[in-house]
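This report describes one protein model and proceeds from single residues to a metal site and a pocket. The reader is invited to keep the sequence and the structure in view throughout.

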Amino acid sequence: MSDCLFCKIVSGDIPAQVVYNGPNTTAFRDINPQAPVHILIIPNHHIEHIRDWGAYDNNILAEMFQTANTVAEMEGIADSGYRLMFNYGADGGMEVYHLHLHLLGGRMLGPMVVRQ
Ligand code: AMP
Ligand code: ZN
């Protein structure tokens with residue numbers, strides 16, 4: 001998608017702090033981190049949101065979770081723990097409509113993550 005922010009991060013047209021770049025997934029630091037480690041894991045091809053994922057043949061969700069676990073190891077939070085989260089729609093507070101998995105950790109997150 002030509003006007004999608006995260007597609008432009010995958011293509012390199014918009015800079016980001018990329019921590020993992022695989023054949024099907026990319027992980028980069030959130031520009032407005034809500035925890036010491038806040039990384040977004042996305043599919044390299046455009047999927048709009050979590051309600052859409054089943055429309056695609058490959059098991060992209062499994063690969064995204066695999067990437068998240070790899071990145072958690074790389075960031076040193078695999079043992080201390082982390083949270084994986086999808087937002088969807090208005091009530092979910094979704095802002096960017098390119099599927100992304102939030103990886104949050106590096107501190108005790110508490111029962112809920114609240115935007116500040
Ligand atoms: P969501 O609310 O689930 O749609 O999350 C979108 C996330 O993308 C937010 O946490 C933003 O801080 C983050 N974000 C927006 N623009 C950028 C960017 N250029 N680079 C990295 N993260 C971004
Ligand atoms: Zn996109």
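## A residue at the start of a strand

Val37 is found in strand S3, which covers residues 37-43. The model is a predicted one. Is Val37 buried or exposed? With a relative accessible area of 8%, Val37 is buried, because the limit for that class is under 20%. Along the chain, Val37 and Glu73 are 36 residues apart, and their C-alpha atoms are separated by 12 Å.

## Strand S2 and the loop before it

Asn24 belongs to the loop between strand S1 (18-21) and S2. Its relative accessible area of 29% makes Asn24 partly exposed. The C-alpha atom of Asn24 is separated by 9.8 Å from that of Thr67, although the two residues are 43 residues apart along the chain.

Arg29 lies in strand S2 itself. Arg29 is also partly exposed, with a relative accessible area of 30%. Between the C-alpha atoms of Arg29 and Gln17 the separation is 5.5 Å, and these residues are twelve residues apart along the chain.

## The loop between S4 and H3

Asn87 is placed in the loop between strand S4 (82-85) and H3. Asn87 is buried, and its relative accessible area is 15%. In sequence, Asn87 and Tyr97 are ten residues apart; in space, the distance from C-alpha to C-alpha is 9.9 Å.

## The zinc site

Which residues coordinate the zinc ion (ligand 2)? The donors are Cys4 and Cys7, each through SG, and His46 and His98, each through ND1, at 2.0 to 2.3 Å. Along the chain these donors follow the spacing C-x2-C-x38-H-x51-H. Cys7 lies in helix H1 (residues 5-11), whereas His98 lies in the loop between helix H3 (89-92) and strand S5 (101-105), so the pair ties together parts that are 91 residues apart in sequence.

What is the geometry of the site of the zinc ion (ligand 2)? The angles among the four donor atoms run from 106 to 116°, and the site is tetrahedral because all of these angles lie between 85 and 135 degrees. For comparison, the ideal angle for four tetrahedral donors is 109.5 degrees.

## Burial of the cysteine donors

Cys4 has a relative accessible area of 7% and is buried. Cys7 counts as buried at 13% relative accessibility. Both Cys7 and His98 are buried.

How many disulfides does the structure hold? The number is zero. In general, a disulfide is a covalent bond between the sulfur atoms of two cysteines. In this model, the sulfur atoms of Cys4 and Cys7 are instead found among the donors of the zinc ion (ligand 2).

## The largest pocket

The largest pocket contains about 390 Å³ of space. Its lining is made up of 20 residues, and those nearest its centre are Phe6, Phe28, Asp30, Ile31 and Leu40. Two elements, H1 and strand S2 (25-29), give two or more residues to this lining. H1 gives the most, with three residues. Helix H1 is also the element that holds the zinc donor Cys7, and strand S2 is the place of Arg29.

What kinds of residues form the lining of the largest pocket? Ten are nonpolar, six are polar and four are charged.

Notes:
Residues numbered from 1 in each chain as written. Chains lettered and ligands numbered in written order. Predicted model: local features only at pLDDT ≥ 70, side-chain atom pairs only at ≥ 80, totals over all residues. Heavy atoms only, no water. Donors = N, O, S within 2.8 Å, 3.2 Å for Na, K, Ca; no water. Tetrahedral: all angles 85-135°; square planar, octahedral: opposite > 155°, others 65-115°. Helix = DSSP H or I, 4+ residues; strand = E, 2+ residues; numbered from the N terminus. Buried < 20%, exposed > 50% of the residue type's maximum accessible area, 1.4 Å probe, protein only. Disulfide = S-S within 2.5 Å. 1 Å grid on protein atoms, 1.4 Å probe; cavity = no way out; pocket = protein on both sides within 12 Å on 5 of 7 lines; lining within 4 Å. Points joined across faces, edges and corners; volume = space filled by probe spheres on them. Nonpolar A, V, L, I, M, F, W, Y, C, P; charged D, E, K, R; others polar.
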